[in-house]
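Colleague: I am new to this structure and would like a close look at a single part of it, taken slowly. Could you pick one strand, go through its partners and its surroundings, and then lead me outward to the rest of the chain?

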Amino acid sequence: MVYDDALRARETARSEGMPFPKAGDLSKRLITEAKDTPARAWLGEVSAVILQQSLRDLDTAYKNFFDGPKGKRPRVGAPRYKSRKGTRQSVRFTANARWSITPGRRLRLPKIGDVRVKWSRTVPSVPSTVTMVKDSAGRYFASFVVETGPEEFLPEVSPELGIDLGLGHFAVLSDGTKVAGPRFLRRAEKRMKKAQRALSRKEKGSRNRDKARVRVARAHARVADARREFHHRLSTKLIRENQAVAVEDLAVRGLARTRLAKSVHDAGWSAFVAMLEYKAARYGRTLVKIGRFEPTSQVCSQCGVQDGPKPLHVRVWTCGACGAVLDRDINAAVNVAKAAGLAVTACRARVRPGRVPAPRSEAGTHPTPQPSTAR
Ligand SMILES: [Zn+2]
């Protein structure tokens, strides 16, 4: 809130050609004085240290933005507003804010007091920062910043893996595994669509519409939770079982419009890759992100011959050069691994002739449950 107010004040000054307000002035105006206005009265209930922190965060965001064109660091966008109407809000407590975890495993926050926490995993060392988030469904989460060292590295293993974004699956692995989105996620998505339909039928401005809106927000939150849970389980499993993992870097411009836009799990993929990335760093594994070097479905993963595009409905084809029978998704996953320089056994992409394909629910992997990351 303070972050957004400060951003608004600075953007107004900028558009009116006024001098850029200094953090000190903003602190006085937005924190000290605003506490007296009814809409911002709740600021008085929050520790001043964390309000100052959000002003510092905004300063950093602006500094990164202005430093970009000078070539000091990669370009970043201008600071953006954090909260839209009714969406999530967050506050960050750094070590300066004198917060702590009590012996009774409660969270002690300045000016708020002791808060009961439902821990999703144990904290491996003393955290330096805690962020409290209130999501759009009105629930509170605490996430901790924890320094970890090489003591978390896992013993080396030999498998290496390529992952491709499957069409009918969440992901397809170069070892031939097709990973379906889990049933609990599909169920949550179905419920969310139902709640959305119900909302659209309610009369504008009515009490029932407000109630329906809350139900949609809750359903949304449940889908987001289910998806995050699934991403955590799968990313942990893949990073544990493989020494190196390769994925396509979908940040490459243009792809979002074609294949991904149609996909249900578009937003989820980048969150999943981000998890692979930090878990690889934590556990001493390698994650390789390859650019869109060439369309992975156009190249035979057996002999490397490029034999042109194939329409989407073509799931299996025979390579004209080497005669290998190839599964579209697995072939792509093997090509991703090869492009990253990983040693994968290419023969897995081959489909044995006459094999009866397993039904989708059986072909998918359901990873074994593991404790999810703290939130
Ligand atoms: Zn071939």
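Modeller: Leu-161 stands opposite Val-245, a residue of strand E10, and this pair is a good place to begin, with the caution that everything described here belongs to a predicted model. The pair belongs to a longer match between two strands, since E7 and E10, the latter covering residues 244–248, run side by side in the parallel sense and are joined over four bridges. E7 also has a partner in strand E8 (residues 171–173), but here the pairing is antiparallel and extends over two bridges. Within that second pairing, Asp-164 has Val-172 of E8 as its bridge partner.

How much of strand E7 is buried? The strand, which spans residues 160–164, is mostly covered, and five of its five residues count as buried. If you look at the two faces separately, Glu-160, Gly-162 and Asp-164 lie on one side while Leu-161 and Ile-163 lie on the other, and both faces are covered. Asp-164, which pairs with Val-172 in E8, is thus among the buried residues of the strand, and so is Leu-161, which faces Val-245 in E10. As a background to this, 24% of the 375 residues of the chain count as buried.

From the strand we can step out to the chain that holds it, which has nine helices and 13 strands. Among contacts between residues at least 6 apart in sequence, 63% join residues that are at least 24 apart.

Two of the helices can be followed in some detail. Helix H4 (residues 183–201) and helix H5 (residues 207–241) have axes that come within 9 Å of each other and cross at roughly 165°. Because of that angle, H4 is roughly antiparallel to H5. The crossing in which H4 passes H5 is left-handed. On the side of H4, the residues making this contact include Phe-184, Leu-185, Ala-188, Met-192 and Leu-199, and on the side of H5 they include Ala-212, Val-216, Val-223, Ala-226 and Phe-230. Charged side chains also take part, among them Glu-189 and Arg-191 of H4 and Arg-209 and Arg-213 of H5. Taken as a whole, the residues of the contact between H4 and H5 divide into 13 nonpolar, two polar and seven charged.

Three residues on these helices are worth finding in the viewer. Arg-201 is found in H4, and it counts as exposed because it has 9 C-beta neighbours inside 10 Å. Its C-alpha atom is separated by 9.6 Å from that of Ala-212, a residue 11 positions away along the chain. Arg-228 has its place in helix H5, and with 18 C-beta neighbours inside 10 Å it counts as partly exposed. Although Arg-228 and Leu-185 are 43 residues apart along the chain, their C-alpha atoms are separated by 9.7 Å. Lys-237 also has its place in H5, and it is partly exposed, with 15 other C-beta atoms within 10 Å. From C-alpha to C-alpha, Lys-237 and Leu-276 are 9.8 Å apart in space, while in sequence they are 39 residues apart.

Finally, there are two open sheets among the strands of the chain that can be set beside the strand we started from. One of them is formed by three strands in the order E1-E5-E6, with antiparallel pairing. Strand E1 (89–93) and strand E6 (140–145) stand at its edges, each with a single partner strand, so one side of each is left without a neighbour in the sheet. From one strand to the next, the twist of this sheet averages 20°. Strand E5, which covers residues 129–134, pairs with E6 in the antiparallel sense over six bridges, and in this pairing Val-133 has Phe-141 of E6 as its bridge partner.

The other open sheet also consists of three strands, in the order E2-E3-E4, and its pairing is antiparallel. Its edge strands are E2 (100–101) and E4 (113–115), each of which pairs on one side only. E2 is joined by two bridges to strand E3, residues 107–109, and these two strands run antiparallel. Within E3, Leu-107 is the bridge partner of Ile-101.

Definitions and conventions
Residues numbered from 1 in each chain as written. Predicted model: local features only at pLDDT ≥ 70, side-chain atom pairs only at ≥ 80, totals over all residues. Axes fitted to C-alpha atoms, helices over the stretch in contact; angles between N-to-C directions. Parallel < 35°, antiparallel > 145°, perpendicular 65-115°, else oblique. Left-handed = near helix turned anticlockwise from the far one by under 90°. Contact = placed C-beta atoms within 7 Å. Pairing = 2+ DSSP bridges. Buried ≥ 20, exposed ≤ 12 C-beta atoms within 10 Å, placed from the backbone.
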